[in-house]
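Colleague: Could you walk me through this one? I'd like to hear how each label was earned.

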There are 2 protein chains.
Amino acid sequence: MNEIRVWAPKPRTVELQLGSQRLEMRPAEQGWWRIEHDAIRPGADYSFFLDDAGPFPDPRSQFQPHGVHGPSRVVDHDAFRWIAGRFQARPLSSAMVYELHIGTFTPGGTFTGAIDRLDHLVHLGVTHVELMPVQEFSGRWGWGYDGVDLFAPHHAYGSPDDLKRLVDAAHARGLAVLLDVVYNHLGPAGNYLDRFGPYFTTRYSTPWGPAVNLDGAGSTEVRRFLCDNAIMWLRDYRFDGLRIDAIHAIHDSSAIHFLAQLAHEIDQLEAHLGRSLVLIAESDLNDPRVVTPREAGGYGIDAQWSDDFHHALHTVLTGERAGYYADFGSLADLAKTLSHAYCYDGRYSAYRDAMHGARPVNLDGWRFLGYLQNHDQVGNRPMGDRISRSISAGRLKIGAALVMCSPFIPMLFQGEEFLASPPFLYFTQHEDPDLARAVSDGRRREFSSFKWNPDDVPDPQDPATFQRSKLDWNELARAPHKSMLIFYKRLTDLRREFPELSDGCLERVQVDFDEASRWITVTRGRIALLANLGESAQTLSAPFEATPLISSEPDFPERSRAWLLSPDSLLIVAAVS
Amino acid sequence: MNEIRVWAPKPRTVELQLGSQRLEMRPAEQGWWRIEHDAIRPGADYSFFLDDAGPFPDPRSQFQPHGVHGPSRVVDHDAFRWIAGRFQARPLSSAMVYELHIGTFTPGGTFTGAIDRLDHLVHLGVTHVELMPVQEFSGRWGWGYDGVDLFAPHHAYGSPDDLKRLVDAAHARGLAVLLDVVYNHLGPAGNYLDRFGPYFTTRYSTPWGPAVNLDGAGSTEVRRFLCDNAIMWLRDYRFDGLRIDAIHAIHDSSAIHFLAQLAHEIDQLEAHLGRSLVLIAESDLNDPRVVTPREAGGYGIDAQWSDDFHHALHTVLTGERAGYYADFGSLADLAKTLSHAYCYDGRYSAYRDAMHGARPVNLDGWRFLGYLQNHDQVGNRPMGDRISRSISAGRLKIGAALVMCSPFIPMLFQGEEFLASPPFLYFTQHEDPDLARAVSDGRRREFSSFKWNPDDVPDPQDPATFQRSKLDWNELARAPHKSMLIFYKRLTDLRREFPELSDGCLERVQVDFDEASRWITVTRGRIALLANLGESAQTLSAPFEATPLISSEPDFPERSRAWLLSPDSLLIVAAVS
């Protein structure tokens with residue numbers, strides 16, 4: 001513990017600033033530097049000088065109590081006293097994920113504040129909480145995808161111990177916790193990594209900044225940096241898995257792709273720790289290789305987000321066709337995603353003006369997360385408005401029911417379950433005035449070509465934009481919110497009660513629909529979901545005699561094979577056994 | 001035939017210059033333009049004006065009789081009268097490839113001139129001739145990797161019909177012909193494609209220029225362009241396969257990689273034409289996926305060049321360790337490549353400062369081409385000197401024998417078989433003075449850091465550099481050349497006579513060696529190759545009683561299990577049955 005090591009192959013000298021002392025570090029093997037000193041103790045703050053320039057925080061800083069530009073703090077992970085025993089997460093096949101953003105999930109926006117709402121999630125039937133990125137980023141608030149100290153929990157959310165308290169409290173309640181990690185780029189502010197070593201490359205580009213060097217000179221250590229990062233969150237913070245952001249921007253032409261290496265190392269860690277760990281990718285590739293086991297030539301990632309299902313569902317419910325929604329809109333597309341996961345599986349995409357995707361073979365439905373909303377699909381709208389602003393309560397319930405009766409792992413976005421009113425806007429708090437202006441202007445520009453007046457688009461740098469995005473838990477007591485929560489709760493109960501809903505078998509998903517009269521039915525084992533998206537009442541049938549279980553309307557119809565459904569209504573029935 | 005079509009989604013107007021007429025073209029679907037006119041006939045020259053700028057040659061020009069900047073000529077492929085009947089190439093498992101460069105293979109440097117030397121190749125035992133790129137490039141001479149009119153045979157080599165005559169003459173002699181195609185970049189001079197459509201992307205970079213857009217907007221047509229190009233050479237010119245240049249610089253993150261699409265389309269063409277077609281990749285990735293069948297998750301390329309085997313062999317023979325040779329040098333490395341193809345199969349490479357490669361599983365030896373020399377390994381040396389300049393005739397024979405007794409497809413570089421004296425230098429004939437100077441200076445700079453005086457490095461733009469690289473066929477009649485040819489001929493006869501040499505089974509390759517005393521033996525079925533690379537005579541043994549077949553020394557030793565070999569000598573023996 002009295003040692004500090006840093007990989008810094010670029011500078012010719014590395015010094016440690018420790019309190020008021022500046023100490024020369026000794027070169028070690030392969031570009032590493034080291035120093036031992038009695039004052040290197042938990043709680044001590046330090047930074048580096050490289051070739052006399054600095055101070056710079058540690059690329060592997062465990063905590064940045066004063067933000068991205070400040071010193072790093074020594075943390076002793078072994079000192080934390082865990083209360084919950086060894087935790088085993090539910091398998092993904094029977095999981096239900098809940099995505100939340102620490103800063104807006106509760107009024108205080110802290111790790112420990114979130115603990116207060118865990119019982120609500122347990123009651124709802126959630127099995128896995130997924131935290132949006134908590135790695136130290138520029139400013140006090142933000143979405144977190146511009147993290148630069150990937151080993152440090154964001155200081156404004158609390159301390160490393162606070163984050164452990166949150167994970168511990170979740171485990172004590174039977175909840176698994178996943179963490180969103182960003183390995184495709186680093187944020188623009190406070191990113192000093194390039195001064196230490198070849199973390200970045202110009203051979204590839206990403207929309208958000210320089211690509212990470214995963215296959216060029218020095219990449220062995222860069223890959224080590226990221227794998228060690230994943231290992232730290234899973235081992236030292238006891239997360240149960242990671243959600244890997246935008247893997248389509250992780251460029252690596254090595255014969256062993258970084259993600260395959262990561263999945264392999266996490267498998268080893270899983271065996272070592274004796275508890276189940278999962279990796280979930282956000283992927284825009286529609287490439288089945290991502291979630292194919294390594295033995296079968298894939299990367300061995302456990303599951304991926306399914307934007308195709310989201311887009312197909314969103315367009316059917318809202319009628320929107322702007323941007324990437326142009327590629328979707330028919331019930332046929334929705335039906336295809338329900339039974340084949342990818343809608344674009346080698347088809348031409350007009351939005352991309354390119355062929356997109358490949359056909360998944362022998363992949364289970366639980367390799368994909370299905371959702372009606374997520375932080376991106378809400379927050380990337382100019383007004384950050386939830387889908388509940390655009391459609392009737394009936395349609396909203398149809399959307400929720402389609403997610404919960406899908407063969408995928410259902411995922412909810414914070415507040416969705418109680419019809420939360422606040423938007424989820426894009427908010428930042430960059431201190432550098434140039435960067436702040438660039439972000440504000442960029443957001444205005446991004447939406448000025450649409451129907452929006454740029455002046456109406458909330459300014460990401462305005463503190464009110466952040467404040468407005470916080471959930472209002474008082475809503476829970478009010479009528480429409482309360483009844484929506486009851487509806488979601490019934491759906492999650494249903495999913496738990498009928499195992500065919502989470503059997504993950506895509507082949508057995510039976511979807512019928514009529515594009516013209518806009519109805520769709522989904523049958524999975526004994527359960528049939530009937531939904532009328534048309535403009536007039538119509539009679540929909542199940543393939544068997546059945547008893548109504550859940551309806552969007554207050555009055556339950558009778559046991560039958562066919563029911564008259566009014567517009568924007570749905571009925572879930574169970575076969576009479 | 002009276003129609004011209006061109007894909008040009010970028011300009012708002014496209015005109016056809018046909019003789020002295022300038023004609024407006026009509027927009028068709030998906031960015032295509034078309035025009036019909038009676039004067040569009042075989043032999044007619046034409047070019048395009050885009051938004052009034054031009055004239056530009058056709059991106060799919062079939063012939064550029066006046067070079068890369070001139071007009072394109074209409075060619076009727078059906079008019080050629082083929083003499084040889086339908087040709088079936090030997091399978092790759094029993095192939096022997098001969099790489100040649102049209103411009104330097106014969107004094108005239110033409111397609112038809114090469115016909116004169118085909119009998120020599122047949123006599124040698126060659127099964128597949130591989131032409132270095134013949135696609136129209138800037139200047140009269142050059143290596144060909146800077147082609148810009150990918151559908152047009154280089155005008156200085158002859159006409160489209162001349163190229164067909166060469167392929168036809170080869171087929172008539174039982175020789176298959178492969179063509180080198182460059183799909184990772186286009187040359188710097190005469191490249192007008194970017195004016196027509198989004199052929200290039202800035203999302204990736206290559207060492208030689210902008211990367212080809214294989215996964216962005218418009219990529220469907222760009223992929224079509226390249227696949228159609230491959231199909232044209234195989235169908236209209238009756239090539240038997242393609243060697244795909246530097247696939248490590250073909251960047252594509254689509255779920256269906258461009259190479260997998262290409263391999264699939266060539267499979268379909270093969271079925272359609274009823275003759276065997278092969279794809280061979282130059283790959284620096286050491287990624288088994290490249291040559292793994294598509295059914296098993298690979299790209300389905302038939303075979304790849306094996307630089308690891310070359311480098312391991314070259315360093316053992318020459319003792320060189322500069323540049324990428326730093327990663328090789330031990331007999332253990334050579335032994336590993338002989339039995340595992342890749343030396344770097346997930347190991348750390350010091351030269352790359354990165355982990356490199358992955359382990360091939362269930363791949364046959366004939367998925368790899370093995371060679372002592374190729375155009376790059378000779379031509380990228382400052383003096384373009386062949387390995388015969390660096391080592392004794394005995395070592396040279398050891399190298400040749402190791403290639404011919406390897407489990408790989410042996411490949412020779414033009415003249416290697418007769419100890420050709422001329423170097424193979426880097427030569428260009430760019431007309432643009434700035435580009436010419438850049439190429440000359442670049443070559444000087446490239447080698448100035450080594451032991452070379454930049455003034456000694458031949459200037460690529462000097463016509464003498466090209467002339468000096470031409471083979472001198474008069475050498476064939478002279479003693480050392482003649483006897484080397486006899487030696488090579490005996491090796492190729494041996495390989496044909498003993499099928500175990502081409503069984504491709506890596507598991508059955510038995511290699512023994514002693515790093516200190518520098519001997520190596522390779523046993524494959526009834527054949528054992530014994531080589532003494534040490535400084536004194538030593539006794540080497542076969543694992544069986546055997547009869548000597550081929551030796552680098554004039555006096556043949558007796559039937560035995562062990563033989564005394566002088567330094568730099570080799571002996572190939574066959575088990576007594």
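**Cavities and a helix pair**

Modeller: Sure, and keep in mind that this is a predicted model. By class, 16 nonpolar, ten polar and six charged residues line the largest cavity.

Colleague: What makes a residue part of the lining of the largest cavity?

Modeller: A lining residue has an atom within 4 Å of a cavity point. For the largest cavity 32 residues pass, and A:Asp252, A:Tyr299, B:Asp252, B:Ser253 and B:Tyr299 lie nearest its centre. The space in there comes to about 540 Å³.

Colleague: How many cavities of 30 Å³ or more are there, and what volume has the second largest?

Modeller: There are 13 of 30 Å³ or more, and the second largest has about 60 Å³.

Colleague: Why does the lining of the second largest cavity count no polar residues?

Modeller: Its residues are A:Arg5, A:Val6, A:Trp7, A:Trp32, A:Asp58, A:Pro59, A:Arg60, A:Tyr199, A:Glu221 and A:Phe225. Trp and Tyr count as nonpolar, and Asp, Glu and Arg as charged, so the split is six nonpolar, no polar and four charged. S1(A) gives the largest share, three residues.

Colleague: How do you know that H6(B) and H7(B) meet?

Modeller: Contact means heavy atoms within 4.5 Å. Residues of H6(B), including B:Leu226, B:Ala230 and B:Leu234, meet residues of H7(B), among them B:Leu262, B:Ile266 and B:Leu269. That contact has ten nonpolar, one polar and four charged residues. The two axes come within 10 Å and cross at roughly 35°.

Colleague: Which hand does the crossing of H6(B) and H7(B) have?

Modeller: Right-handed.

Notes. Residues are numbered from 1 along each chain as its sequence is written. Chains are lettered from A and ligands numbered from 1 in the order in which they are written. This is a predicted model: local features need pLDDT of at least 70, side-chain atom pairs count only at pLDDT 80 or more; totals for chains, interfaces and linings use all residues. Side-chain values use heavy atoms; hydrogens and water are left out. Axes are lines fitted to C-alpha atoms, for helices over the stretch in contact, and angles run from 0 to 180 degrees between N-to-C directions. Helices (H or I, at least four residues) and strands (E, at least two) are DSSP runs, numbered from the N terminus. A crossing is left-handed if the near helix is turned anticlockwise from the far one by less than a right angle, and right-handed if clockwise. On a 1 Å grid over the protein atoms alone, a cavity is a set of points where a 1.4 Å probe fits but cannot get out, and a pocket is an open set with protein on both sides within 12 Å along at least five of seven lines; lining residues have an atom within 4 Å of a point. Grid points are joined across faces, edges and corners, and a volume is the space filled by probe spheres set on the points.
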